[in-house]
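Reader: I am new to this one, and I would like to learn where its labels come from. Could you show me the structure and then walk me through them?

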Amino acid sequence: MKIAIISDIHENFHNLILALEEIERQNCKHILCLGDLMNAGIAKVLSCSTIPVFTIWGNNDGEKVEITKVAHYQNSNLSVSLNTYDFLEIDNRKIFISHYDDLAIPMAASQLYDAVFFGHTHVSSLQKENETWIVNPGEISAHKTGIASLAIYDTDTNDVKILELENSKTLKTELVTDFFKKNKEVLQLRSEKAFNM
């Protein structure tokens, strides 16, 4: 069975739709989402997937109540965990998923799992420690690396591959980059003041 792993969508509807289309082409039977949807609109798109989606929370999921409501819609194909991590068994494979690498790495070292998947860093990585895969599928949003990617885990062969999406878009345009460069000092000062309140 093939399982798709996605992470760090960050409100990029365009790339999410591309990912869902690619996941169908890959004949996946489940989708695991490692958090950072950011809003309920993304959850609504996931709930319409023809393939069941299970998601955990990331550090940028601010609309948790609304996202959870979407998961409870009639005919929704989205399920939501209560945590930023979860323990799964799919097709006789033990899987640990986490939004955070600092949870994933020690779980992989335990050698209790066939695969450990994490997100948060937005950078795709694929390695195997003894018999355990340690994988970051990268980001759907493409705003940090400029690459939208996902992972496909085959439970039959216990193999993982990273796929980069063609025709992806980044929301980090030249206009946005220039604005933040121009206003860097003001924005940093305002962040520090808000933190000290």
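Author: Gladly! Let us start with Arg-93, which lies in strand β6 (residues 93–98); helices (H or I, at least four residues) and strands (E, at least two) are DSSP runs, numbered from the N terminus. This is a predicted model, where local features need pLDDT of at least 70 and side-chain atom pairs count only at pLDDT 80 or more, while totals for chains, interfaces and linings use all residues. Residues are numbered from 1 along each chain as its sequence is written, and side-chain values use heavy atoms, with hydrogens and water left out.

Reader: Why is Arg-93 called buried?

Author: Buried means under 20% relative accessible area, exposed means over 50%, and partly exposed is in between (1.4 Å probe, protein chains only). Arg-93 has 18% relative accessibility, so it counts as buried.

Reader: What makes Arg-93 and Asp-114 a salt bridge?

Author: The term asks for a side-chain nitrogen of Lys or Arg within 4 Å of a carboxyl oxygen of Asp or Glu. For Arg-93 and Asp-114 the N to O distance is 3.4 Å, and their side chains meet in a salt bridge. Arg-93 is in strand β6 and Asp-114 is in the loop between α4 (101–109) and β7 (115–118), so this pair ties together parts that are 21 residues apart in sequence. Both Arg-93 and Asp-114 are buried. Next to that pair in the sequence you can look at Tyr-113, which is 20 residues from Arg-93 in sequence and 7.6 Å from it in space, C-alpha to C-alpha.

Reader: How many salt bridges does this rule give?

Author: The count comes to 3 salt bridges. One of them joins the side chains of Glu-22 and Arg-25, at 2.8 Å, N to O. Glu-22 and Arg-25 both lie in helix α1, 3 residues apart, which is about one turn of the helix.

Reader: Which of the words buried and exposed fits Glu-22, and which fits Arg-25?

Author: Glu-22 has a relative accessible area of 18%, so it is buried. Arg-25 has 59% relative accessibility and therefore counts as exposed.

Reader: How do you know that Glu-66 and Lys-69 meet in a salt bridge?

Author: Their side chains come to 3.6 Å, N to O, and meet in a salt bridge. Glu-66 and Lys-69 both sit in helix α3, 3 residues apart, about one turn of the helix. Glu-66, at 38% relative accessibility, counts as partly exposed. Lys-69 is partly exposed too, with a relative accessible area of 47%.

Reader: Let us turn to the helices. Why is α1 called roughly parallel to α2?

Author: Two packed helices are described by the angle between their axes and the distance between the axes. Here helix α1 (residues 13–25) and helix α2 (residues 40–47) pack at an angle of about 15°, with their axes 11 Å apart. That makes α1 roughly parallel to α2, because angles under 35 degrees count as roughly parallel, over 145 as roughly antiparallel, 65 to 115 as roughly perpendicular and the rest as oblique. The axes are lines fitted to C-alpha atoms, for helices over the stretch in contact, and the angles run from 0 to 180 degrees between N-to-C directions.

Reader: What about α2 and helix α3: at what angle do they pack?

Author: Helix α2 and helix α3 (residues 64–71) pack at an angle of about 15°, with their axes 9 Å apart. That makes α2 roughly parallel to α3.

Reader: Where is Ala-40 found, and why is it called buried?

Author: Ala-40 is found in helix α2. Its relative accessibility is 8%, so Ala-40 counts as buried. Ala-40 and Glu-11 are 29 residues apart in sequence, and 9.4 Å apart in space, C-alpha to C-alpha.

Reader: What makes Asn-75 exposed?

Author: Asn-75 has a relative accessible area of 72%, so it is exposed. Asn-75 lies in the loop between α3 and β4 (78–80). Its phi is near 65°, a positive value in a residue other than glycine.

Reader: And where is Asn-92 found?

Author: Asn-92 is in the loop between β5 and β6. Asn-92 is exposed, with a relative accessible area of 69%. The phi of Asn-92 is near 65°, a positive value in a residue other than glycine.
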